[in-house]
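User: I have a structure to go through before I plan my week. Can you walk me through it?

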Amino acid sequence: MSGASFLDLPRAVQARGTVSLPGSKSISNRVLLLAALAEGTTEISGLLDSDDTRVMLAALRALRVTLDEQGEGRVTLRGAARFAQPSADLFLGNAGTAVRPLTAALALMGGDYRISGVPRMHERPIGDLVDALRALGARIDYTGQEGYPPLHIGSGTLGTHGPVRMPGAVSSQFLTAMLLAAPIYTNTVGEPLVIEIVGELISKPYIEITLNLMARYGVTVQRDGWSRFTVPANACYRSPGRIAVEGDASSASYFLALGAIGGGPVRVQGVGRDSIQGDVAFARTLESMGVRIEFGADWIESSGVRVARGETLRAFDADFNLIPDAAMTAAALALFADGPCRLRNIGSWRVKETDRIHAMQTELAKLGAGVASGPDWLEVTPPAPDAWRDAEIETWDDHRMAMSMSLAAFGPAAVRILDPGCVSKTFPTYFDVYADLVGGEEPV
């Protein structure tokens with residue numbers, strides 16, 4: 001699949017079955033960094049095998065972290081408060097969950113490090129994070145465009161006389177990076193680190209994941225609303241010994257969507273009502289569209305309409321600030337709604353793997369949908385039955401474009417997915433799992 005230039009999706013009319021989810025990308029890379037910075041050894045199970053986690057693992061090896069990969073998502077790491085390698089050139093691809101936290105950790109340690117990625121990563125902003133780190137005394141220089149990677153990290157003199165302030169409206173990964181790296185600072189200066197958020201903080205559930213995992217490693221952050229976070233003086237990560245990575249709730253959205261438009265039932269295993277991931281809320285979005293949802297402790301099941309029989313989902317007008325990744329699945333489902341659908345508060349799409357608002361507008365329009373957009377919103381009017389058009393779907397080197405747009409195969413048009421291998425970023429076997437669930441014959 002990784003070498004294929006395109007994939008033609010057969011017309012889909014039904015979906016049913018069970019899928020075991022790959023590990024969460026967000027949790028996987030957070031856990032890897034926490035284990036690397038913690039006292040003791042951590043045995044990790046359920047780790048996602050993807051481009052982003054391989055990038056993080058390669059970086060940790062380059063920083064001389066002792067780790068052993070046993071296969072099948074099992075990795076053992078022996079941590080330390082500081083990395084043994086004082087200088088390194090780290091190529092981190094397009095992995096925001098690696099670039100941002102590693103930038104913060106290395107900057108607060110000091111040394112001689114260079115961080116770079118693919119061209120798109122050099123277009124993804126990091127200035128708010130760099131400004132906050134510089135306010136703490138870290139030394140970071142841009143080696144390309146101001147405000148963006150690549151970066152050169154040197155040795156600064158840490159210390160501040162008050163809270164460090166960060167805008168919250170661009171990416172929650174900036175705050176996650178500061179929080180994960182904060183114990184390095186508090187141990188160096190012997191003082192608490194207070195982070196104040198300027199403006200609205202987006203994607204709050206991802207910060208919840210960060211705080212939850214930090215607590216698992218022994219560091220409790222005091223949170224005053226969503227505007228002030230305090231990491232205590234002399235905070236120190238200590239390994240919990242073993243930790244299991246949940247299934248990826250963002251990836252669950254695609255399969256729950258299959259059940260929503262292919263009749264179902266489709267059950268995802270590995271994430272459920274006890275999940276620490278905010279994207280499980282996508283199931284509630286589906287309920288608002290008329291889909292039947294059932295929850296277990298570690299599973300979710302969807303049963304919905306059969307769009308091949310002309311049935312439709314209920315249209316929606318919703319704020320997706322809290323679940324921006326799963327919102328892409330909702331945008332694709334809008335093709336099968338009974339009226340126009342509006343996605344609001346999705347400005348963070350502009351600075352993801354691609355400009356997702358522009359990419360989604362372009363590709364949905366190819367299929368015959370009416371699409372309008374603004375700085376932080378997208379409105380999709382589904383095609384009339386006779387207005388669908390065959391389309392080659394560009395994936396924009398964005399795994400979520402490829403996976404969400406696979407749902408278009410339930411329409412009457414021929415759908416070709418270009419560069420399907422881009423799903424390797426988070427879900428290398430996605431199209432194989434998709435094919436196992438989807439059928440082409442109308443059920444009785």
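Analyst: What follows covers annotated sites, a helix pair and some backbone details. Bear in mind that this is a predicted model.

User: Which residues does UniProt list under "binding site"?

Analyst: The unreviewed UniProt entry gives that feature to Lys25, Ser26, Arg30, Ser171, Ser172, Gln173, Ser203, Asp325 and Lys352. In the model, the lining of the largest cavity includes Lys25, Ser26, Arg30, Ser171, Ser172, Gln173, Ser203, Asp325 and Lys352.

User: Where is Ser26, and is it buried or exposed?

Analyst: Ser26 sits in helix 1, residues 25-37. Ser26 counts as buried because its relative accessibility is 11%, and the cut-off for buried is under 20%.

User: And Lys352, where is that?

Analyst: Lys352 is in the loop that runs between strand 19 (341-344) and helix 10 (356-366). Lys352 also counts as buried, at 16% relative accessibility.

User: What is Lys352 in contact with?

Analyst: Apart from neighbours within four places in sequence, Lys352 is in contact with Arg120, Arg124 and Asp325. Asp325 is itself one of the residues in the UniProt "binding site" feature.

User: Asp325 is on a helix, I think. What does that helix pack against?

Analyst: Helix 9 (residues 324-333) packs with helix 7 (residues 249-261), at an angle of about 20° and with the axes 8 Å apart. The two helices are therefore roughly parallel to each other, since angles under 35 degrees count as such. The crossing of helix 7 and helix 9 is right-handed.

User: Which residues meet there?

Analyst: From helix 7 there are Ser250, Ser253, Tyr254, Ala257 and Ile261. They meet Asp325, Ala326, Thr329 and Leu333 of helix 9.

User: Changing topic. Which residues does the domain annotation cover?

Analyst: The unreviewed UniProt entry carries "domain: Enolpyruvate transferase" over residues 16-433. In the model, that span is 31% helix and 23% strand, and its end C-alpha atoms lie 12 Å apart.

User: Now the backbone. Where are the cis peptide bonds you would point to?

Analyst: A cis peptide bond joins Pro149 and Pro150, with omega about 5°. Pro150 is in the loop between strand 8 (140-142) and strand 9 (151-153). A cis peptide bond also joins Gly264 and Pro265, where omega is about 0°. Pro265 lies in strand 15, residues 263-269.

User: Why bother listing those?

Analyst: Because most peptide bonds are trans, and most residues other than glycine have a negative phi.

User: So which residues have a positive phi without being glycine?

Analyst: Ser203 is one of them, with phi near 50°. Asp419 is another, with a positive phi of about 50°.

User: Where do they sit, and how accessible are they?

Analyst: Ser203 is in the loop between strand 11 (193-198) and helix 6 (204-216). Ser203 is buried, with a relative accessible area of 3%. Asp419 lies in the loop between strand 23 (415-418) and helix 12 (430-437). At a relative accessible area of 32%, Asp419 is partly exposed.

User: One last residue, Ala337. Where is that, and what does it touch?

Analyst: Ala337 is in the loop between helix 9 and strand 19, and at 7% relative accessibility Ala337 counts as buried. Not counting residues up to four places away in sequence, Ala337 touches Thr312, Leu313, Arg314, Ala315 and Pro382.

User: How many Å separate the C-alpha atoms of Ala337 and His152?

Analyst: They are separated by 48 Å, and the two residues are 185 residues apart along the chain.

Definitions and conventions: Residues numbered from 1 in each chain as written. Predicted model: local features only at pLDDT ≥ 70, side-chain atom pairs only at ≥ 80, totals over all residues. Heavy atoms only, no water. UniProt positions renumbered as here; feature names shortened; annotations may be inferred. 1 Å grid on protein atoms, 1.4 Å probe; cavity = no way out; pocket = protein on both sides within 12 Å on 5 of 7 lines; lining within 4 Å. Helix = DSSP H or I, 4+ residues; strand = E, 2+ residues; numbered from the N terminus. Buried < 20%, exposed > 50% of the residue type's maximum accessible area, 1.4 Å probe, protein only. Contact = heavy atoms within 4.5 Å. Axes fitted to C-alpha atoms, helices over the stretch in contact; angles between N-to-C directions. Parallel < 35°, antiparallel > 145°, perpendicular 65-115°, else oblique. Left-handed = near helix turned anticlockwise from the far one by under 90°.
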